[in-house]
Structures are given as structure tokens and as C-alpha cells.
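Q: I would like a close look at a single part of this model. Please keep the answer connected and brisk.

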Amino acid sequence: MSTHASDPLAALGSLPGVADAVDSVRKAVDRVYGHRVMRRRSNEISSEAALRGARGSAALSGADWALEEVRRRTDFGADPEARTVGAALRLGAEAGQLLSIWRQSPLRVLARLHLVAEGEPGESVGRPRLEGEAVDEPLIETPPPSPAEVAGRLDGLAELIVAGGDAPALVTAAVVHGELLALRPFTSYNGLVARAAERIALVGSGLDPKAICPAEVGHAEQGRAAYLAAFEGYLSGTPEGVGGWIAHCGRSVELGVRESTAVCEALQRGAA
């Protein structure tokens with residue numbers, strides 16, 4: 001992601017399809033926040049959104065479990081898939097605790113997310129990878145950048161987040177997500193961390209303050225092939241490619257809204 005505008009993120013709002021995506025997401029989020037169930041049971045919707053978002057994020061990282069299996073299981077250390085699901089669940093639970101730090105120190109938040117995903121300390125946990133350290137990211141086959149490039153681009157991303165600006169929340173969240181996927185700064189769980197950071201950006205921006213619009217659900221629903229195709233567009237750096245990635249992220253938020261709307265409707269029927 002590169003641009004020479006004084007507010008690089010805001011400049012992305014003029015890319016093809018981005019304004020329409022931003023408008024569509026805003027209307028969808030407003031509708032679910034206006035649902036009558038949200039007035040008295042928003043905590044339940046938030047908890048369910050976190051669970052479903054974790055399931056979706058884990059699915060994209062190769063652990064495509066049924067929702068009820070994720071809900072039922074208590075042991076997440078048995079095998080790689082179980083560990084992936086456990087990591088996604090821990091990230092979903094932790095994200096809300098990091099909002100106050102995000103705008104001041106996003107790199108601290110990313111380090112914390114990696115530690116939470118891993119579940120225990122280790123030599124490479126919670127810090128960007130060093131020269132010679134391998135990256136375990138099953139979904140993304142593009143060779144990762146060097147640690148030196150990662151460090152520079154992470155600093156640049158952090159500066160954009162701390163500076164704020166006029167960019168729509170969707171644009172900022174999509175860039176955070178895309179950059180972290182592109183960089184794969186950690187030795188493991190980069191996809192899970194990238195999607196958790198996208199959620200933090202959406203919630204922290206005020207677009208989704210109650211965390212009821214799980215974009216991870218929409219990313220999973222659109223499928224791994226569509227996710228990778230949109231990400232390849234982001235990697236290309238072309239206006240069409242970056243705009244397409246932002247629009248893809250917007251559609252994912254809308255599908256997350258649809259999921260939470262269905263939860264609202266189910267709770268309303270149960271209360272009737």
C-alpha cells in the first residue's frame with residue numbers, strides 16, 4: 001500500500017468502488033444497531049458475534065469447524081486445527097480489552113495479539129520475526145517480505161493509525177488487515193492476528209462500538225478463493241486491486257451484519 005497523499009488512508013476513499021462500499025456498510029451497520037433486540041440484549045449479540053467471528057477466522061486458517069463444535073469444545077490443545085480454533089477464540093475474547101491502547105500504541109497491541117494467539121510465551125512470540133525465522137501461514141503462499149522491510153512498514157502503519165485522519169473506518173480496517181497479511185510479521189497465526197486487528201479497527205473507530213458486526217464471518221462465507229483473490233489485488237498495489245480489497249472487506253462486514261441480524265431475530269422470536 002503506497003500513496004503520496006498527505007492523508008494516505010483518506011486518499012484511498014476515492015479508489016474504484018470504495019465510496020459505494022463505505023456507504024453500503026454504514027447503512028447496514030445502522031440497520032442492525034436499530035434492531036429492537038439491541039436495546040436490551042446487545043451483550044448477548046456481542047458475545048455471539050465474537051464466537052461466530054472466531055469460527056470464521058479459524059476456518060480461513062484451515063480449521064473449518066461447525067459452529068456448534070466450536071461452542072461445545074473445551075479442549076483446544078489436541079492438534080493443529082484445535083489449536084487454531086482455540087487461538088481464534090482467545091483473540092475474539094481479548095480484542096475488546098485492547099481498544100484503549102490501539103490508537104496510542106498499535107504495535108503493542110499486535111504483539112499482545114500474537115502472544116494471545118500462541119497461548120504461551122516463547123522465543124519468537126509477541127515480536128516481529130528475525131532473519132532466518134520461518135513463517136507458518138498455511139493460507140498465504142506469496143513469499144513474505146524480509147524482516148527489515150516488515151519493520152519499516154509496520155512503523156509506517158502504526159504512524160497512520162496513531163495520526164488518525166479522515167479515512168472511513170472501513171478503509172482503515174481493510175488496510176490494517178491487508179498490510180498484516182502482506183507482511184506476516186510473526187512466525188505464526190498472522191491471518192488470525194490480521195483479522196483480529198481488523199475487528200479492533202472497526203470497533204475502535206466507532207463504526208461498530210459494540211462489536212456486533214463480525215467481518216470474519218463474511219470473509220469465511222465468501223470463501224478462501226475469493227479472500228485470496230481480493231488479497232492478491234491488494235498486493236498488486238493498483239487502484240483497482242486495492243479498491244477491490246476494500247470492497248471485499250466491506251462485503252464481509254455486511255455479511256457479518258446479516259449474521260448478527262439473524263441472531264437478533266432468533267432472540268426476538270424466543271422472547272415472543
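Where does R184 lie? Start there and work outwards.

A: R184 lies in the loop that runs between α9 and α10. The model is a predicted one. R184 comes just after α9 and takes a positive phi of about 45 degrees. R184 is a residue other than glycine. Most residues other than glycine have a negative phi. R184 has a relative accessibility of 2%, so it counts as buried.

The loop holds a second residue of this kind. Y189 is found in the loop between α9 and α10 too. Its phi is near 55 degrees, again a positive value in a residue other than glycine. Relative accessibility at Y189 is 17%. The cut-off for buried is under 20%, so Y189 also counts as buried.

Now the helix before the loop. Helix α9 covers residues 169–183, which is 15 residues. From first C-alpha to last, α9 reaches 21 Å. That is close to the 21 Å expected at 1.5 Å a residue. Burial is complete here: 15 of the 15 residues of α9 are buried, so the helix is largely enclosed by the rest of the structure.

Next, the helix after the loop. Helix α10 covers residues 190–204. Two packed helices are described by the angle between their axes and the distance between the axes. For α9 and α10, the axes come within 8 Å and cross at roughly 165 degrees. Angles over 145 degrees count as roughly antiparallel, so α9 is roughly antiparallel to α10. The α9 and α10 crossing is right-handed. On the α9 side, the contact is made by A169, L170, A173, V176, H177, L180 and L181. On the α10 side, it is made by G191, A194, R195, A197, E198, A201 and L202. By class, the residues of this contact divide into 10 nonpolar, 2 polar and 2 charged.

Three residues of that contact lead on to another helix. Y227 is found in helix α12. Not counting residues up to four places away in sequence, Y227 touches several residues, among them H177, L181 and R195. H177 and L181 belong to the α9 side of the α9 and α10 contact. R195 belongs to the α10 side. The other partners of Y227 are L60, L139, H219, W245 and H248. Relative accessibility at Y227 is 0%, so Y227 counts as buried. The C-alpha atoms of Y227 and R129 are separated by 25 Å, and the two residues are 98 residues apart along the chain.

R224 sits in α12 as well, a helix of residues 224–236. R224 has a relative accessible area of 35%, so it is partly exposed. Leaving aside neighbours within four places in sequence, R224 is in contact with A59, L60, G62 and L139. L60 and L139 are also touched by Y227. R224 can be placed against α9 too. R224 and E179 are 18 Å apart, C-alpha to C-alpha, and 45 residues apart in sequence.

L60 takes the picture one step further. L60 is one of the α3 residues that meet α11. Helix α3 spans residues 38–60, and helix α11 spans residues 215–222. Their axes are 7 Å apart, and the helices pack at an angle of about 40 degrees. At that angle α3 is oblique to α11. The crossing of α3 and α11 is left-handed, whereas that of α9 and α10 is right-handed. From α3, the residues R52, G53, R55, G56, S57 and L60 take part. From α11, they meet E216, V217, H219 and A220. By class, this contact has 3 nonpolar, 4 polar and 3 charged residues. H219, on the α11 side, is another partner of Y227.

To sum up the route: R184 is a buried residue in the loop between α9 and α10. The helices on either side of that loop have axes within 8 Å. Y227 touches H177 and L181, and it touches R195. Y227 also touches L60 and H219, which belong to the contact of α3 with α11.

Conventions:
Residues numbered from 1 in each chain as written. Predicted model: local features only at pLDDT ≥ 70, side-chain atom pairs only at ≥ 80, totals over all residues. Heavy atoms only, no water. Helix = DSSP H or I, 4+ residues; strand = E, 2+ residues; numbered from the N terminus. Expected span 1.5 Å × (residues − 1). Buried < 20%, exposed > 50% of the residue type's maximum accessible area, 1.4 Å probe, protein only. Axes fitted to C-alpha atoms, helices over the stretch in contact; angles between N-to-C directions. Parallel < 35°, antiparallel > 145°, perpendicular 65-115°, else oblique. Left-handed = near helix turned anticlockwise from the far one by under 90°. Contact = heavy atoms within 4.5 Å. Nonpolar A, V, L, I, M, F, W, Y, C, P; charged D, E, K, R; others polar.
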